[in-house]
Amino acid sequence: MTTKNPLLILMLALGVFGIITTEMGIVGVLPQITQKFHVTAAEAGFLVSIFALVVAISGPFLTLLASGINRKVILLIAVLLFAISNLAYAYTTYFEIMLAFRIVPALFHPVFFSVALVTAARLVPPEKSGQAVTQVFAGITVGFAFGVPLTSYLAENISLEAAFLFSAVVSLIAFAGIFAWLPSMPVSEKMTYGKQLRILRNPRLWLQIASVVFIFATMFSVYSYFAEYLGRVTQMSGSWISFMLMAFGLIMILGNFLFGSLLQKSIKKTVFAYPLLYIAVYVLVYFAGPSFLWMSAAVFVWGIVHSGGLVVSQAWLMTEAQDAPEFGNSLFVSFSNLGITLGSALGGWFISEWGVHQLMWSGVLFAGLAFLMILLWIKGFTAARHKDTQDAA
């Protein structure tokens, strides 16, 4: 099945953009949420962690359950629920209701991603499938570069309701485009998981999974409170925070290309160096924090390194999941979100116990744990190669 309508691929990318804006746009409006609902920064941080936790737990299972349902129906349900959830965020006056409506779209987050990528590949000729998937994936980067900071800007300059209505409108546009242009796509074959589950017997895979969890915890234990840190430590205004969020997202595009090229040269060396690089960044951000000028510069360095976490972790995990790449990717989605949950929760605890300026040390702690898992994997890999050499002899 192919389509000549380029806007359909754009609608799928727009759906991804809406999902990322809904999931991570909360990061840029935490200060406004704490004021509206009269909750602490740590309590507001649960809006980030609960979303990621639901994705982590439900991802592979719900993707499997949805594997036999018409793909058009799944995509439409997912984007509609994202729109409804944002409307709930905009108009509720109860924090508990907002927390509940973080769970609803999180259930469909991994399902939409997996179905959208498969759908994009099927809608174009085989030689263009990679390009179509890349275009849909672009919704992630654009979501970080524009969706998150624009949400923050709208909340600061218009209202918190306007910020959430923006996300709702994006999802509704994606819904209309998918409904109008995507043909019915019933599933002819259900995917079996027997062979794919066998990769879980590999102990080195579990070390990689642990390192992925800790890398994402490293990233989001601090990034989840990005606006809080710049507002309280650097004393930036809401408008400056919005600008910094946009600069952070834009520089992530450069970082993706940079780490992509490093991974092509050597996956192991890039993965080995990544946690150490992030420790250096957090030390820089800690000392630059009170200075407007130095913190502005540090944000650019931070954005470059932060962007590497996604591609580095995914490439790292797939080195041991090559026999079942689809299941490996579902593990990546689940455990990376578990890392986000763990990181944002511990980051909130650091803030409540020691203040927002000490937040960086939660990231340093997780980076150290990620580095330890990578060292253990390297030791296991070396031992396995040595055993294979002895067996061959």
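Start by selecting helix H11, which gives the largest share of a nonpolar surface patch, 3 residues. The structure on screen is a predicted model.

**Stop 1: the nonpolar patch**

Select Val142, Phe146, Leu250, Ile253 and Phe257; together they make a nonpolar patch of about 440 Å² on the surface. Two elements each give two or more residues to this patch: helix H6, spanning 129–157, and helix H11, spanning 238–265. Show both helices as ribbons and the five side chains as sticks.

Now keep Phe146 alone, a residue of helix H6. How exposed is Phe146? Its relative accessibility is 37%, so Phe146 counts as partly exposed. The partly exposed class lies between the limits of 20% and 50%.

**Stop 2: a buried serine**

Move to helix H14, residues 325–354, and select Ser336 within it. Is Ser336 buried or exposed? Ser336 counts as buried because its relative accessibility is 4%, and the cut-off for buried is under 20%.

Which residues is Ser336 in contact with, once its neighbours within four places in sequence are left aside? They are Val212, Phe216 and Leu331. Add these three residues to the selection to display the surroundings of Ser336.

**Stop 3: two loop residues with positive phi**

Next, go to the loop that joins helix H2 (30–37) to helix H3 (41–65), and pick His38. The phi of His38 is near 60°, a positive value in a residue other than glycine. Most residues other than glycine have a negative phi. With a relative accessibility of 71%, His38 counts as exposed.

The other loop to select runs between helix H10 (226–232) and H11, and holds Gln235. What is the phi of Gln235? Its value is near 60°, again positive in a residue other than glycine. Gln235 has a relative accessible area of 60%, and is therefore exposed.

**Stop 4: colour by confidence**

Finally, colour the chain by pLDDT. The mean over the chain is 84, and 88% of the residues reach 70 or more. Where is confidence lowest, and where is it highest? Select helix H8, residues 194–197, for the lowest value, a mean of 67. Then select helix H12, residues 267–288, where confidence is highest, at 94. Where pLDDT is low, predicted coordinates should not be read in detail.

How values were computed. Residues numbered from 1 in each chain as written. Predicted model: local features only at pLDDT ≥ 70, side-chain atom pairs only at ≥ 80, totals over all residues. Heavy atoms only, no water. Patch = residues over 30% accessible without salt bridge, like charges linked within 9 Å, V, L, I, M, F, W, Y side chains within 5 Å. Areas by Shrake-Rupley, 256 points an atom, 1.4 Å probe, with all protein chains shown as cover. Salt bridge = Lys/Arg side-chain N within 4 Å of Asp/Glu carboxyl O. Helix = DSSP H or I, 4+ residues; strand = E, 2+ residues; numbered from the N terminus. Buried < 20%, exposed > 50% of the residue type's maximum accessible area, 1.4 Å probe, protein only. Contact = heavy atoms within 4.5 Å. pLDDT = per-residue confidence, 0-100.
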